[in-house]
Amino acid sequence: SSLDENTNAHHDGHDSNLDSKPISVVELKGPQTDIPEKKYVLYAETRKIRLASGETIEAWTFNGQSPGPELVANEGDLVEVRLVNKNIDSGVTIHWHGVDVPNGEDGVAGMTQDAVMPGESYTYRFVVKEAGTHWYHSHQQSSIQVQKGLFGAFIIHPSSQHETKTMDTTIVAHDWITPDGRNIPALDTADTFQRKMFNPGTPVRLRLVNAGNLTRTFSLNGVPFKVVAIDGYELNEPGTLTTSLLRIGGGGRYDVEFIMPDTAVTLAMLMEGKPIGIVYSPDGHGKRNVLDEGEVLDITKYGSPAQASFNTSTVFDRTFTLILDQTYFGVYNGEAGQQWVINGKTFPDTPTLMVKEGDLVKTTFVNRSFADHPMHLHGHHVQVISKNGKPISGSPLVLDTVNIEPGETFEVAFLANNPGLWMDHCHNLDHAQKGMTMHVAYE
Ligand code: C2O
Ligand code: CU
């Protein structure tokens, strides 16, 4: 079949003509010939998925499941992932959210590659440097494709990690939409409370991934816990928490650790109406006990043990101020009504942040709208310099998705060290689709 011909063919992406692209994709790709430490094949295909409540959803899946298979690698590995599109008519790509790959491997349709059409395949190859909890998703019509299920977790273990008896479990939050338009929030495919058995005394690491558009609030009840990483970055000396609520913006990740007690622990995703979640208990029974009040953990009080790259006295080579807002005027992408703007404009009229390699770049985000905007810059991590004018002192807070709530101002900085043309957009993908998208370009 044509599928097989394609899949045998190449290491270096498919053979469409990339000459007219604004950047030289060939120079900006990962190693093309070395032997990969990890190899995966992901088949994009439609599939009916059964939710825990019994309802069936028409999903778009990787390998017949959503979330797709969890990809696992070690820091420093060369990873090869072959994407095969079986039957997603609009084409598919894969973006590695949180993993700073060379530009040509970034998986943005129309920018770093063409969408992979049904019967075609495309091979990504890159070395993973960022240990932590990351994820992958299609970046062709992402607001539709991610919602329909084309995403999965991507876990990169630090080279120093030898702890093997830890229960390491990933939980991906996402919203399903039924054919009649109902929104069904789910953790993996569980839209109800689930039960899991863990032996008392077991160290547990929960990796919470928010693959949905909306900010989600999680609580953990029944055990003291620590938030040990945010967006994959280990935190420095995380404190022990009991009643803190964890608020994770779209695209963001929190890693939580606790020692399994001999009584039940309830993880809940809080929502108006009824929460959903998981009860962990020694015997699989245990009573659900949702904590729904508490203070939201202020992540600006934490930081990673990494060396701070920037502080409030850093002299930046480039600074940009970006006002995030909404508008109700005009037609965008054929749709009248609400749009999301950056400095008053919708994409592609939004600013392009021009940088050159080696620049220290500061971007100030001001949210004047009524919604959260989790701003995600591809290909780079950013360090938060200040929030609402208050400098973040102590350990640096490093993120790839900065959730900016209404009225908030964040100054974030990055080193321009990954040449190419990059997306910088709101990870409420409906907002991105309705204008809140811009580019970072290297001159
Ligand atoms: Cu996770 Cu541009 O996306
Ligand atoms: Cu937004």
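These are my notes on a copper site and a domain interface in a predicted model.

**Ground rules.** Local features need pLDDT of at least 70 and side-chain atom pairs pLDDT 80 or more, while totals for chains, interfaces and linings use all residues. Residues are numbered from 1 along each chain as written, chains are lettered from A and ligands numbered from 1 in written order, and side-chain values use heavy atoms, without hydrogens and water.

**Copper ion (ligand 2).** I looked up its protein donors (N, O and S atoms within 2.8 Å of the metal, or 3.2 Å for Na, K and Ca; water is not among the atoms, so sites may look incomplete). I found His-373 (ND1), Cys-426 (SG) and His-431 (ND1), 2.0 to 2.1 Å from the ion. Their spacing along the chain is H-x52-C-x4-H. His-373 sits in strand 26 (residues 373-377) and His-431 in helix 3 (residues 429-433), so this pair ties together parts 58 residues apart in sequence. Helices (H or I, at least four residues) and strands (E, at least two) are DSSP runs, numbered from the N terminus.

**Domains 1 and 2.** I took the bounds from an automatic or database domain assignment: domain 1 is 2-157 and domain 2 is 167-297. I then checked contacts (heavy atoms within 4.5 Å). Here 26 residues of domain 1 touch 25 residues of domain 2.

**Salt bridge.** I searched this interface for a side-chain nitrogen of Lys or Arg within 4 Å of a carboxyl oxygen of Asp or Glu. The rule finds one salt bridge across it. I also noted that Glu-55 and Arg-182 form a salt bridge through their side chains, at 2.6 Å, N to O.
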